[in-house]
Amino acid sequence: MLRTIARTTDVAPGHVRAFEIREQGAKAVGKSRIPLLRTIGPGRSRGTRITLANVAGTLFAIDDTCTHRGCSLGDGKLDESTVQCACHGSRFDVTSGAVVRGPAEDPVRSYPVHVANGEVQVDL
Ligand code: FES
């Protein structure tokens, strides 16, 4: 099911940003500056959260929850097509969700992205 979760301008090239999917649309999630809050912080819900990554103008969508200990990958840093988790340094390929470097062992799910009229749609 295609869901519109952002505008193309919401994620600058070379950056990642988390979005929480809600019944009515989606909302950008702010980055946590305090490490503990990256997993249990205010606003963290059990709803679906997607991280969008902008790799040189192309957007990719992956699950926001790191498979190591659940930190938000939206708090991470993007290096070309690899996002590094801010908590313990696991790296994931944003184009596929594959683990590039541990400690995470399992991939994150990736989702097809469609862009239409400046809106980013993710096939959930
Ligand atoms: S929670 Fe992401 S590397 Fe540990």
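## A walk through two sheets

Start by selecting Asp79 and Thr82: Thr82, in S7, is the bridge partner of Asp79. Before you click on, note that you have a predicted model open, where local features need pLDDT of at least 70, side-chain atom pairs count only at pLDDT 80 or more, and totals for chains, interfaces and linings use all residues. Residues are numbered from 1 along each chain as its sequence is written.

Now colour S6 and strand S7 (residues 82-84), which pair in the antiparallel sense over three bridges. A word on terms: strands here are DSSP runs (E, at least two residues), numbered from the N terminus, and two strands pair if DSSP finds at least two bridges between them.

Zoom out a little. You're looking at an open sheet of four strands, ordered S6-S7-S8-S9, with antiparallel pairing. At its edges sit strand S6 (77-79) and strand S9 (99-101), each pairing on one side only. From one strand to the next, the twist averages 30 degrees; the axes behind that angle are lines fitted to C-alpha atoms, and angles run from 0 to 180 degrees between N-to-C directions.

Next stop, the other sheet. Select S1, S12 and S11: they make an open sheet of three strands in that order, again antiparallel. S1 and S11 are at the edges with a single partner strand each, so one side of each has no neighbour in the sheet. Here, too, the twist averages 30 degrees from one strand to the next.

Go to the S1 side. Strand S1 (residues 2-7) pairs antiparallel with S12 over five bridges. Show Leu2, and you'll find it opposite Asp123 in S12; then show Thr4, which stands opposite Gln121 in S12.

Swing over to S11. Four bridges join S11 to S12, running antiparallel, and Val113 stands opposite Val122 in S12. Follow the chain round the hairpin that S11 and S12 form: there are two residues between the strands, and Asn117 in the turn has a positive phi of about 55 degrees.

Which residues of S12 lie on its covered face, and which on the uncovered one? Select strand S12 (residues 119-123): Val120 and Val122 are on the covered face, while Glu119, Gln121 and Asp123 are on the uncovered one.

Last, pick Pro112, in the loop between strand S10 (110-111) and strand S11 (113-116). Is Pro112 buried or exposed? Exposed, because just 11 other C-beta atoms lie within 10 Å. The cut-offs are 12 or fewer for exposed, 20 or more for buried and partly exposed in between, counting other C-beta atoms within 10 Å, with C-beta atoms placed from the backbone. Finally, draw a C-alpha to C-alpha distance from Pro112 to Leu2: 9.2 Å in space, though 110 residues apart in sequence.
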